[in-house]
Amino acid sequence: MRSPAGVAAELCSTALAGDRRSLAKLLTAVENRTPVAEAALRTLYPLAGRAHLLGITGPPGAGKSTLVAALVGELRSAGRTVAVVAVDPSSPITGGAILGDRVRMQAYAGDRDVFIRSMAARGHAGGLASTTGAACAVLDAVGFEIVMIETVGTGQSEVEVAAAADTTVVLEAPEMGDEVQAIKAGLLEVADLVVVNKGDRPGAQRAASQLRAMLGGGRGGLHGPPVMITTAATGAGVPELLVAIDRRRAEGALRDDGAARLARAEAEVRGALADRIGRRLDEAGSATAREAAVRDVAAHRIDPYTAADELLAGLVGVEAGSRR
Amino acid sequence: MTDRPIKVLIAKPGLDGHDRGAKVLARGLRDEGFEVVYTGLRQTPEMVATAALQEDVDIVGLSILSGAHMTLVPRICQLLKAEGLADVLVTVGGIIPDDDVPALQAAGVSAVFGPGTTIAEVAGYLRANARPRE
């Protein structure tokens, strides 16, 4: 049995040399949050930070996967390398999942400069899996120029992708709602670009004008984020969208998007911290205390905040003890 | 972690006209707690191998109704081996004559599931035979 550090070192060196199977194995380790993944990320994270991380989000059926496939085609015809992380929901009942985004992305078998990976959200609620950011860092580190993150089909408040991506594209379909929908807080607020897809359907122009009218004046400036129309299934509007995405990237580089990077780093650190705490609670020793606390809360003997404080105090004690 | 979900690719290589059976199986395995990558109709052997590689699946389940299994299945097994995926469990479902089963097994197929197999039987077999996970 080799050490996790040894396995990680070997996978990293072959993946960095271009081996796609090793890359796939690293992504599995990251998804499963194994010791191999932690060792690999120590090597790979400093190499990441060069790719353009592009988030694609929007409601189920708006055409995210089809648009991602169309963008991949456009990028490949320009000779640019691209990876896709496509997230689909996990069953809250069984933990199983149908990962169906590849159905629309099949034209690139044999092209080693395209790498598509499906991820189940595994109970994480923000529109991504808790490990999506780390998976993107791995794909970034091995040299993909663009890493697209396709979220689960979102409702109004799954905005996590905006922290994970440099540029966030929010997809809408025609006839999805009126002007009041467009001014509700949430998803549309985090859009760098808004795209009305299925542009060949009636109502697409009208939806785009309504969005343009209602999104201006906020943090996107007087005119709001650009609102574009695409028909991903035919490719119409996709070259123009890619131009807008690239322009956004260039502008970001000019205006020092340090704040966005800090926000992402903060989200990553907080995520890792929450993960560490969660794992400690599951470990033998803490599990008994946790179960007791949960029973006390269920019986209304203590409140959840007191229970959390007590468990946290117990964890810090364990940690301090282990350090001595 | 040993309790992570088993990841399975359900693929329909060749020119079958419908994928109802494959979708029912995909849904059934979801309900059994598997993570199921579903790729849709009319896959080439190269597409299946690429998907298996990139997704790092534990199992490739091929659904074929067209009668082309003796051409497609050995080709897919060969590509998987060439990609270094010899440890991935390959199973076939659909309309496969009994006489063809030994040849498919010789090509690298672990099990062939015919009409009437229950989801529970398939899930049980996959759990018992998927490669040991790291």
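Reader: What makes strand 4 of chain A count as mostly covered?

Author: In this predicted model, 7 of the 7 residues of strand 4 of chain A are buried. The term buried requires 20 or more other C-beta atoms within 10 Å of a residue's own. Strand 4 of chain A is accordingly described as mostly covered.

Reader: Which residues show that both faces of strand 4 of chain A are covered?

Author: A:Val114, A:Ile116, A:Ser118 and A:Ala120 are buried on one side, and A:Phe115, A:Arg117 and A:Met119 are buried on the other. In a regular strand the side chains alternate between the two faces of the sheet.

Reader: What makes strand 4 of chain A an edge strand?

Author: The open sheet of chain A has 7 strands in the order 4-2-5-1-6-7-8, with parallel pairing. Strand 4 (114–120) and strand 8 (227–229) each pair on one side only, which identifies them as the edge strands. From one strand to the next, the twist averages 20 degrees.

Reader: How do you know that strand 2 and strand 4 of chain A are paired?

Author: Pairing requires at least two bridges. Strand 2 and strand 4 of chain A are joined by 7 bridges and run parallel, so the requirement is met. Within this pairing, A:Ala83 stands opposite A:Phe115.

Reader: How do you know that strand 2 of chain A also pairs with strand 5 of chain A?

Author: Strand 2 (residues 82–88) and strand 5 (residues 146–150) of chain A share 5 bridges in the parallel sense, where at least two would be enough for a pair. A:Ala83 has A:Val147 as its bridge partner in strand 5.

Reader: What makes strand 7 of chain A a partner of both strand 6 and strand 8 of chain A?

Author: Strand 6 (residues 167–172) of chain A pairs in the parallel sense with strand 7 over 4 bridges, and 3 bridges join strand 7 to strand 8, again in a parallel run. Both pairings meet the criterion of at least two bridges. A:Val195 of strand 7 stands opposite A:Leu171 and opposite A:Met228 in strand 8. Both faces of strand 7 (residues 193–196) are covered: A:Leu193 and A:Val195 are buried on one side, and A:Val194 and A:Val196 on the other.

Reader: Why are helix 1 and helix 3 of chain A described by the term they receive for their relative orientation?

Author: Helix 1 (residues 4–16) and helix 3 (residues 35–44) of chain A pack at an angle of about 50 degrees, with their axes 8 Å apart. Angles under 35 degrees count as roughly parallel, and those from 65 to 115 as roughly perpendicular. The angle falls in neither class, and the two helices are therefore oblique to each other. Their crossing is right-handed. Among the residues that meet are A:Val7 and A:Leu11 in helix 1 and A:Ala39 and A:Thr43 in helix 3.

Reader: Why is A:Arg112 called exposed or buried, and which is it?

Author: A:Arg112 lies in the loop between strand 3 (97–99) and strand 4 of chain A. A residue counts as exposed with 12 or fewer neighbours. A:Arg112 has 10 C-beta neighbours inside 10 Å, and so it is exposed. A:Gly95 is 17 residues from A:Arg112 in sequence and 31 Å from it in space, C-alpha to C-alpha.

Reader: What makes the backbone of A:Arg33 and B:Arg42 worth a remark?

Author: A:Arg33 has a positive phi of about 50 degrees although it is not a glycine, and phi of B:Arg42, likewise a residue other than glycine, is near 55 degrees. A:Arg33 is in the loop between helix 2 (20–31) and helix 3 of chain A, and B:Arg42 is in the loop between strand 2 and helix 2 of chain B.

Reader: Why is each of these two arginines assigned its exposure class?

Author: The class between buried and exposed, partly exposed, lies between the limits of 20 or more and 12 or fewer neighbours. A:Arg33 has 18 C-beta neighbours inside 10 Å and therefore counts as partly exposed. B:Arg42 is partly exposed as well, with 14 other C-beta atoms within 10 Å.

Reader: Which element of chain B supplies the largest share of the side that touches chain A?

Author: Contact involves 27 residues of chain B and 26 residues of chain A. Helix 1 (20–31), strand 2 (35–38) and helix 2 (45–55) of chain B each supply at least two residues of that side. The largest share, 7 residues, comes from helix 2 of chain B.

Reader: Where in chain A is confidence lowest and highest among the elements?

Author: Helix 7 (residues 179–183) has the lowest mean, 72, and strand 5 the highest, 97. Chain A averages a pLDDT of 88, and 93% of the residues score at least 70. Over residues 320–324 of chain A, pLDDT stays under 50, and the model has 0 contacts for them beyond four places in sequence.

Note on methods: Residues are numbered from 1 along each chain as its sequence is written. Chains are lettered from A and ligands numbered from 1 in the order in which they are written. This is a predicted model: local features need pLDDT of at least 70, side-chain atom pairs count only at pLDDT 80 or more; totals for chains, interfaces and linings use all residues. Axes are lines fitted to C-alpha atoms, for helices over the stretch in contact, and angles run from 0 to 180 degrees between N-to-C directions. pLDDT is the predictor's confidence in each residue, from 0 to 100. Two residues are in contact if their C-beta atoms, placed from the backbone, lie within 7 Å. Angles under 35 degrees count as roughly parallel, over 145 as roughly antiparallel, 65 to 115 as roughly perpendicular and the rest as oblique. A crossing is left-handed if the near helix is turned anticlockwise from the far one by less than a right angle, and right-handed if clockwise.
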